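Me: I'd like to go through this one by asking how each label is earned. Can we set the values against the cut-offs?

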Amino acid sequence: MGDVFEKFAAKRAKEAAKEAAEATTKENKIEFAKGLLADGMSIEFTVRHSKLSEAEVRELASKLGA
């Protein structure tokens, strides 16, 4: 019975680590995009280089402009 719990805990830990890594990557992309926009780069350039969606970049741009 303990083996089942250990396997479940290991699986959950692996999933949690993956989720944390994805969140960190997303945060890094957002910070990078903010920097590009603050330096005057176009939305298209920022989308291409940050790997964020156009909608995400436009939202960031509107927040930075406000």
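Reply: Sure, starting with a serine: beyond its neighbours within four places in sequence, Ser50 is in contact with Lys29, Phe32, Ala33 and Val57, where contact means heavy atoms within 4.5 Å. This is a predicted model, in which local features need pLDDT of at least 70, side-chain atom pairs count only at pLDDT 80 or more, and totals for chains, interfaces and linings use all residues. Residues are numbered from 1 along each chain as its sequence is written, and side-chain values use heavy atoms, with hydrogens and water left out.

Me: Why is Ser50 called buried?

Reply: Buried means under 20% relative accessible area (exposed is over 50%, partly exposed in between; 1.4 Å probe, protein chains only). Ser50 has 3% relative accessibility, so it counts as buried.

Me: What makes the link between the Ser50 side chain and the backbone oxygen of Thr46 a polar contact?

Reply: The definition wants N or O atoms within 3.5 Å, one able to donate a hydrogen and the other to accept it, and residues adjacent in sequence count only if both atoms are side-chain atoms. A polar atom of the Ser50 side chain lies 2.6 Å from that Thr46 oxygen. The Ser50 side chain also reaches the backbone nitrogen of Leu52, at 3.2 Å.

Me: Which residues of α1 are buried, and what covers them?

Reply: Ala33, Leu36 and Leu37 are the buried ones, and their cover includes α2 and α3 (54–65).

Me: How confident is the predictor in the chain?

Reply: On pLDDT (the predictor's confidence in each residue, from 0 to 100), the protein chain averages 91, with 97% of its residues at 70 or more.

Technical notes. Helices (H or I, at least four residues) and strands (E, at least two) are DSSP runs, numbered from the N terminus.
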